[in-house]
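Below are my notes on the model you sent. They are set out as numbered points, from the whole chain down to single residues.

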Amino acid sequence: MSSLSQSQPIAAPKPSLHKTLFATCIGNALEWFDIAVYGFFASYIAHAFFPVDDPSVSLLLTFGSFGVSFLIRPLGAVVLGNYADRHGRKKALLLSINLMMLGGAIITFMPGYAAIGMAAPILILLARLIQGFSAGGEFGSSTAFLVEHFPERKAFIASWQFATQGASTLMASAFGLGLTQLLSESQIQSWGWRIPFAFGLLIGPLGAYIRRHVHEPASFRQQERAPSPLKNLMSRQKELILLAIGLMVISTAVNYMLNYVPTYATKNLHLSGSVAFSATLLAGVILTVVTPLMGLWAERIGRVPLMWGSLLLLVITIWPAFQLVVSHTTALNLMLLVGWMAFLKSIYFSTVPSVMADLFPVSTRASGMAISYNISVMVFGGFAPLICTLLISNTGTSLAPSYYLVVMACLSAAALMRSRKHMS
């Protein structure tokens with residue numbers, strides 16, 4: 001009996017739901033906090049690091065660096081996702097959060113163009129590339145970690161992945177609103193915009209500490225490791241990658257549209273910064289509160305009805321909502337538009353992580369989710385502010401962002417129709 005018991009592996013203790021959520025979601029929160037802050041304070045970053053004679057060109061360069069950093073995310077997804085499938089979710093999660101902190105530190109403490117010249121925009125780009133690489137592996141590893149620990153609650157627990165994005169938007173918006181109230185415009189432009197980035201650095205060490213003290217999911221420990229997850233993924237599961245990309249399209253497009261709101265409201269609608277940040281603050285509250293509630297509801301009625309309902313509502317209502325704001329530009333109408341986008345996003349958002357996890361087997365799950373997620377974010381999300389800025393400039397209408405969102409919703413609807421057979 002003693003020899004038999006010695007040969008059996010020691011089972012890891014049953015994970016705590018709250019600890020597991022906190023360990024995984026804090027890295028996601030840090031990633032999206034930095035992204036939201038960069039988007040919200042784009043005009044100030046443009047002034048500090050991309051000074052040119054034409055402010056519009058300076059802003060385009062800033063959003064260009066914002067978008068270019070997403071080009072490296074698929075590489076991070078390949079490297080860190082493969083690392084997670086071969087060596088463990090925990091190791092990959094620790095690596096990604098440390099890289100996030102490094103990129104955040106560069107942005108926080110680096111002198112501006114006036115002090116170091118061309119080194120400033122180059123280092124900003126480097127920082128965004130580091131953050132993009134680390135973020136590339138974060139979603140796949142952390143979502144796989146969550147659903148593999150609690151498969152019976154996958155819709156609810158995976159919804160927290162995106163609820164934390166709402167919390168990050170909420171925090172970033174609170175900083176934006178607070179700074180516009182407490183500091184003068186010149187103070188924000190000079191040094192105030194760095195404060196939220198410095199705050200983001202405080203999140204990282206706590207997240208790294210918590211992640212060191214979590215266990216690998218049982219389903220990952222017990223499965224036979226594939227010698228080459230990427231080879232298996234690319235040779236046999238290409239259709240699954242395309243479906244997962246399609247499912248993410250509208251979700252990521254709306255998310256980055258919300259990040260674009262402060263710039264859109266101030267530059268195109270000529271509203272004050274405080275009004276713009278108040279709208280994004282409302283979006284953060286809705287995303288944080290509604291997303292997990294929709295995850296709970298999905299456990300009762302199923303995920304597919306929620307996904308179809310949100311897609312159809314967005315296609316039908318998004319153009320009239322933008323038309324209302326453009327033709328009757330008031331703070332209330334902007335709040336209604338942003339709140340409505342955030343609500344529809346919360347419904348769809350809550351279901352996507354668990355549906356994507358269902359598409360892939362355990363052996364390639366982290367890689368598959370990471371690659372598909374980040375291709376979608378890179379193509380349809382990261383460049384969304386730049387695309388919308390160009391669309392408005394070329395069409396001469398502030399309604400252009402609504403056209404973009406309708407097209408993205410139709411792409412996700414096509415992917416949803418084809419992926420239903422994979423949902424359990």
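How far apart are the mean positions of the positive and negative charges of the chain?

1. Charge. The model is a predicted one, and its charges can be placed from the side chains. The chain has 26 positive and 14 negative charges, and their mean positions lie 7 Å apart.

2. Secondary structure. The chain has 21 helices and zero strands. Three of these helices, among them H8 (residues 119–149), H11 (residues 194–211) and H13 (residues 229–236), come up again below.

3. Overall dimensions. For 424 residues, a compact globule would have a radius of gyration near 22 Å, and the chain agrees with this at 21 Å. The C-alpha trace spans about 80 × 50 × 35 Å along its principal axes.

4. Burial and surface. Of the 424 residues, 59% count as buried. The exposed area of the chain is about 16,500 Å², and 69% of that comes from carbon and sulfur atoms.

5. Contact order. Take the contacts between residues at least 6 apart in sequence: 85% of them join residues at least 24 apart. Phe197 and Leu123 offer a pair for checking distances in the viewer: they are 74 residues apart along the chain, and their C-alpha atoms are separated by 15 Å.

6. Cysteines. The count of disulfides is zero. In the case of Cys388, the closest cysteine sulfur belongs to Cys410 and is 16 Å away, which is too far for a bond, because a disulfide needs the two sulfur atoms within 2.5 Å. Cys388 counts as buried, at 0% relative accessibility. Cys25 is buried too, with a relative accessible area of 6%.

7. Phe197. This residue is in helix H11. Its relative accessible area is 1%, so Phe197 is buried. Apart from neighbours within four places in sequence, Phe197 has contacts with Asp34, Val37, Tyr38, Ile45, Ile107 and Thr108.

8. Gln131. Which residues does Gln131 contact, leaving aside its neighbours within four places in sequence? They are Asp34, Met100, Gly103, Gly104 and Ile107. Gln131 lies in helix H8 and has a relative accessible area of 7%, so Gln131 is buried. Asp34 and Ile107 appear in this list and also among the contacts of Phe197.

9. Asn232. Is Asn232 buried or exposed? Its relative accessibility is 18%, and since the cut-off for buried is under 20%, Asn232 counts as buried. Asn232 belongs to helix H13. Not counting residues up to four places away in sequence, Asn232 touches Gln237, Ser363 and Thr364.

10. His270. This residue sits in the loop between helix H14 (238–267) and helix H15 (273–301). The backbone angle deserves a look: phi of His270 is near 60°, a positive value in a residue other than glycine. Most residues other than glycine have a negative phi. With a relative accessible area of 64%, His270 is exposed.

11. Residues to display. For a quick check of the points above, show Phe197 with Asp34 and Ile107, two of its contacts, and then add Gln131, which is also in contact with Asp34 and Ile107. Show His270 separately, in the loop between H14 and H15.

Definitions and conventions
Residues are numbered from 1 along each chain as its sequence is written. This is a predicted model: local features need pLDDT of at least 70, side-chain atom pairs count only at pLDDT 80 or more; totals for chains, interfaces and linings use all residues. Side-chain values use heavy atoms; hydrogens and water are left out. Helices (H or I, at least four residues) and strands (E, at least two) are DSSP runs, numbered from the N terminus. The radius of gyration is taken over C-alpha atoms; the globule rule is 2.2 Å times the number of residues to the power 0.38. Buried means under 20% relative accessible area, exposed over 50%, partly exposed in between (1.4 Å probe, protein chains only). Contact means heavy atoms within 4.5 Å. Accessible areas come from the Shrake-Rupley method with a 1.4 Å probe; for residues, only the protein chains shown count as cover. Lys and Arg count as positive and Asp and Glu as negative; His and the chain ends are not counted. The place of a charge is taken as NZ of Lys, CZ of Arg, CG of Asp or CD of Glu.
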